[in-house]
Structures are given as structure tokens and as C-alpha cells.
Amino acid sequence: MKYIIKTFSLALILTHSAYAAVPKDPMAAKVQEINIANNQEPTTFDPHNCHEVACSSILEQIFEGLVNVDQKGVIVPAQAEKWTMSPDGKKYTFTLRKNLQWSDGTKITAQDFVYSMQRLVDPKTASENGYLLENIVNGKDINSGKAQPESLGVKALNENTLEITLIRPTAYFLEVMAMISTSPVQKKNIEKYGPREFTHAGNLVSNGPFVLKERKIGDKIVLEPNPNYWEKNAVYLNKVNYLILKDLVSEYRMFEAGQLHITGVIPADQYKAIKIKYAEELQSTPILSMYYYIYNLNNPKLQNKSLRKALDMTIDRKAITDSILGTGDIPSYEIVPYGMKNYTQRKPEWTSWSKDKQLIEAKKLYADAGYSKEKPLKLQILYNTDENHKKIAIAIASMWKKNLGVEVEIANEEWKTLLDKRSTGQFEVLRLGGLATMNDPYDFLTNFQSTSVRNTPKFKNADYDKYIEQAENEVNPVLRKSLLEKAGKVLMDELPFSPIMSQTRKYLKRKEVIGFKKNILEKYSFVGVYLKDKKSDLN
């Protein structure tokens with residue numbers, strides 16, 4: 001295989017911004033320009049319509065909500081300097097920082113947050129994340145088209161004070177307020193350019209530490225410091241270049257050539273060598289992320305639960321995590337990742353059986369579903385273009401073929417096309433990954449409610465819906481955890497998907513990058529991050 005390394009070296013372009021602060025470190029590099037890989041092309045820069053990591057990681061640098069999550073996973077002030085909660089837990093009052101400004105220099109007020117939350121929950125916005133505000137008064141009715149956005153329980157008491165009224169105490173409410181989806185957008189910016197064009201470079205007005213300077217589809221996205229950010233004195237980078245790199249081996253070669261400061265991931269088959277060669281640069285972060293295969297339950301072939309169980313039982317998760325990848329991921333049988341608060345992961349009973357007994361049972365279930373060696377099941381696995389995804393798809397196809405006789409075709413699509421096919425149901429088995437946007441099982445489990453627009457397999461189960469609804473109304477944390485685990489057990493029994501593994505994130509970071517770290521939600525910030533001179537003593 002021939003590897004193509006891009007010949008540009010963006011770190012060597014001597015461009016400077018008048019807005020970046022100067023690091024106090026006397027050994028700081030003269031050029032504060034950083035190159036980071038983005039492994040997929042972002043679908044949008046509208047924070048209310050971003051539903052994947054490819055856009056959210058960038059949007060978190062150019063937008064900011066009322067609160068944020070720090071590197072330890074703790075909720076901290078952001079656009080709001082403080083907040084209070086009423087004794088009954090149903091009313092939050094946020095006090096904005098004084099003199100907040102948009103990137104165009106105009107004032108940010110509490111009314112901007114009112115408008116933005118109304119826009120998020122408005123059905124016209126068609127956001128998959130509108131459900132996040134359903135615990136705010138009238139949020140659910142607005143999102144389902146039964147009430148007007150103006151009736152949302154969010155009110156500006158004055159320019160600097162925002163009041164949000166909930167229908168019930170909500171344990172994860174501040175976690176929601178830290179999500180990129182609840183960031184404010186500027187009303188006049190959208191009205192001037194329209195709901196799509198306002199996100200273009202040169203048009204987009206934002207409120208985070210950086211602004212969108214340039215975008216070349218399939219190539220790079222360039223951010224520069226926001227001169228009006230409230231904490232601009234802690235922004236040291238003159239420029240952040242996100243390079244769109246889908247080929248992991250080429251990405252790794254660019255890191256070796258000094259063209260990348262931070263990779264997105266690493267090629268799994270080179271993990272052992274990388275661990276030796278770049279022991280100090282290799283970062284391994286446990287994250288709240290799941291890797292799984294979705295079954296399309298609208299497809300007659302996959303409506304049989306016995307068949308889904310046979311397929312699930314013959315996926316050797318340990319072989320995938322230990323042999324195929326070998327990068328520290330954990331085999332998993334539930335949709336909620338290991339390490340998430342308010343949930344205890346379990347395994348199905350058959351995992352304690354011998355391999356022979358598992359195989360006998362799987363073959364019986366396969367036959368019960370009407371398939372045999374003479375009449376094999378034919379399936380297609382669809383995944384987005386990525387070497388690691390391809391290896392896993394090949395492995396699972398081989399397991400199904402060897403153990404059951406299933407004839408499997410594997411197909412890859414670019415990320416945007418895969419998302420389109422996901423939304424229109426044009427798939428049989430679909431690879432997906434779920435990275436938590438909050439540290440609560442609600443984030444994963446609500447995706448499979450019968451009424452959810454994010455219900456990719458089109459799963460419907462009355463008991464499941466009941467447990468989720470009861471958990472929503474339960475304020476006792478012990479009882480709430482029990483209800484969420486009952487919901488998880490329904491998914492484990494019904495198998496609208498096959499969980500594969502709970503993930504860790506491995507990436508490379510050059511030693512001269514100071515202050516950069518990802519948390520368990522894989523969130524990071526470039527505030528406070530700077531480059532040290534390569535010639536300095538980095539130890």
C-alpha cells in the first residue's frame with residue numbers, strides 16, 4: 001500500500017493574530033499555531049443541529065453555553081458566572097458575566113439564551129437534540145408541535161439574569177446546560193444569512209474563545225481567537241487548524257513528519273509499535289463511549305429476536321478488543337458504557353457458558369429463525385470509511401459466516417452519506433458509535449424510546465418506554481438507578497442492536513503542546529493551551 005503524506009506544513013506558516021495573548025512561559029514558541037486531526041468532515045456548524053463528534057469538538061471551541069464541564073468532569077461556570085436552584089429543584093436562576101460580547105462586538109444578553117433555547121426545541125429547527133429541553137415547562141409540547149416556542153419556561157428577568165423553570169427536579173439538568181446544543185446563537189446573524197448560510201466562514205457570529213475563519217471541504221477548518229471572548233487573556237494560540245484526515249495511517253505519518261501536533265486516533269494495528277516509539281506522546285483516556293451494531297427492525301429479516309440473539313452470541317467481543325484492536329477497549333453487552341454514573345453494567349447469562357455451548361445455542365436460534373446451511377441468511381454491514389471500522393466489520397462478518405453460515409457483504413460510505421442512510425432506514429446492520437454528551441445513562445437510553453427521533457433501529461417496547469418515563473419522574477437516586485437498569489435489561493433481552501465495546505480514546509500529542517487534555521466526555525478546550533519551543537527542555 002502506498003501512503004500519501006500531505007506536503008504542507010501549516011505549523012511553519014508565520015501568521016499572527018492581533019488577538020491572542022502571550023504565554024507567560026519564557027520558553028513559549030514564537031509561532032502559536034496548532035494542527036489537530038479531525039477524522040470526519042463536519043456536517044454543520046449550527047450548534048443546534050450538530051449530532052456527532054465531527055462537528056461538536058470544533059463547535060465547543062467557537063460557542064459556549066451557560067456552564068461547562070472541566071477536565072475532571074465537574075460542572076463549572078462559563079457564560080454564567082453563578083446560578084441558584086430553588087428549594088424544590090424546579091427553578092434555576094443564572095447570572096451572566098458582565099460585559100459578555102458576541103464575536104462581532106455586540107452585547108450578549110439573557111434574551112439571547114431565551115431565543116436560542118426556543119429555537120432548539122422548535123420543530124422547525126428539526127434538531128435531534130430538542131428533546132434535551134423537554135423537562136423545561138412546555139418543552140415537550142413545543143417539540144411535538146402542540147405549543148408555541150414562546151411558551152417555553154425560559155425567561156430573561158433582565159439583561160444579565162436568566163430564569164429556567166422545570167416541570168420536575170432533573171438530576172442531570174446542569175449537564176444538559178453544558179452541552180453544545182444549548183449554546184446560544186445570535187438571532188440577527190440567522191435572520192441575515194438564513195438557517196444554513198449563517199454557519200459559513202465569514203458569516204458565523206459566535207461567543208466562544210475562537211471564531212470560524214476558514215473552511216475548505218475535505219481539507220481543513222481554521223479557527224482564530226475571538227477578540228471579544230470574556231477570557232481572551234487565556235487564549236494563547238494564534239490559529240487552530242483542523243485537518244480532515246480520514247486515513248489513519250496517513251494521519252500517523254503526518255504526526256511522524258511533524259505536520260500534526262495532535263492526532264484524532266491512532267491505527268490499531270500499529271498500537272504496540274507506537275506505544276514503544278512514542279511512549280511520552282501517546283495519550284490513553286477512558287471515555288464514556290460505546291461502539292455497537294444497529295439492527296434495522298423495519299427489515300423483515302431482522303424482526304426475529306431469535307435471529308438477533310444468534311448474531312449477538314456469535315460476536316467474539318474479546319477477540320475484537322484484545323486481538324484485532326488490542327488498545328484497551330472493554331468488551332460490552334449493554335449500551336451504557338463502563339464508568340458512567342448511576343448505572344451498573346451487566347452481562348447476559350450465556351457469557352458464562354462454554355464456547356461450545358454458546359455455539360450450539362446460537363445455531364439452534366438461527367435454525368428456529370428459518371435459516372440453515374442450505375438457506376443462509378444474507379446481510380449487509382454498513383460502516384463509515386475508517387480502517388478500524390473496516391477491520392471490525394471483516395471480523396464480525398467472518399464470525400457470522402464461520403459460526404452460522406451467514407453470507408455477509410460489508411460496505412462503507414462517507415460519514416455524511418451514512419448518516420443520510422441511517423435517517424432514511426437504508427441499511428440492514430449499521431455501525432454506530434455513541435459518545436456521551438453528559439455523564440448520565442439517560443443520554444444513551446432515551447435514544448431507544450419508541451417516540452425518539454434518534455431511535456435508529458425503530459425499536460418499540462411498552463415496558464421500556466414505561467421504565468424511562470418513570471425514571472424521568474423519580475427524584476430518589478436509588479430508585480431512579482433501578483428503573484434505568486430495568487430499561488437496560490429490556491434492551492439486553494430484545495437486542496435492537498449488538499453492543500461491541502466500551503471505548504478508550506488513544507491519540508498522540510506532541511510534547512511541546514502544553515495544557516491540552518481530554519476528559520471522560522472527550523471534551524477539551526484550547527483555552528490555556530500553548531506551544532513550547534521544541535528546542536527547550538520539555539522534561
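**Strands, sheets and nonpolar cores in the predicted model**

In this predicted model, strand β13, which spans residues 378-384, is largely enclosed by the rest of the structure, because five of its seven residues are buried, where buried means under 20% relative accessible area. Strands of a sheet pair through backbone hydrogen bonds, either parallel or antiparallel. Strand β13 pairs in the parallel sense with strand β14 (residues 407-413), and seven bridges are found between β13 and β14. Within this pairing, leucine 379 stands opposite valine 408 of β14. Between β13 and β14 the chain passes through helix α11, residues 387-404, and the resulting β-α-β crossover is right-handed. Strand β13 also pairs in the parallel sense with strand β15 (residues 429-435), here over two bridges, and leucine 382 stands opposite leucine 430 in β15.

Antiparallel pairing is found in an open sheet of four strands, whose order is β4-β5-β7-β6. The edges of this sheet are formed by β4 (80-85) and β6 (154-158), each of which has a single partner strand, so that one side of each is left without a neighbour in the sheet. On average, and with direction ignored, neighbouring strands of the sheet are turned by 20° against each other. Strand β5 (residues 91-96) and strand β7 (residues 161-165) pair in the antiparallel sense over five bridges, and in this pairing phenylalanine 94 stands opposite leucine 162 of β7. Helix α2, which covers residues 110-121, packs on the sheet and touches β5, β6 and β7, while the direction of α2 makes about 170° with that of β6.

The two residues that face each other across β5 and β7, phenylalanine 94 and leucine 162, reappear in the description of the nonpolar interior. The largest nonpolar core has 105 residues, and those with the most contacts inside this core are Leu66, Phe94, Leu162, Ile164, Met177, Leu311 and Trp400. Helix α11 supplies the largest share of this core, namely eight residues. When neighbours within four places in sequence are left aside, the residues in contact with leucine 162 include Leu66, Tyr92, Thr93 and Phe94, as well as Ala110, Phe113, Val114 and Met117, and also Val154 and Lys155. Apart from the largest core lies another core, which has 34 residues, among them Ile34, Val185, Tyr229 and Tyr507.

How values were computed
Residues numbered from 1 in each chain as written. Predicted model: local features only at pLDDT ≥ 70, side-chain atom pairs only at ≥ 80, totals over all residues. Heavy atoms only, no water. Buried < 20%, exposed > 50% of the residue type's maximum accessible area, 1.4 Å probe, protein only. Pairing = 2+ DSSP bridges. Right-handed = clockwise from strand over helix to strand, strands pointing away. Axes fitted to C-alpha atoms, helices over the stretch in contact; angles between N-to-C directions. Contact = heavy atoms within 4.5 Å. Core = buried A, V, L, I, M, F, W, Y, C linked by side-chain atoms within 4.5 Å.
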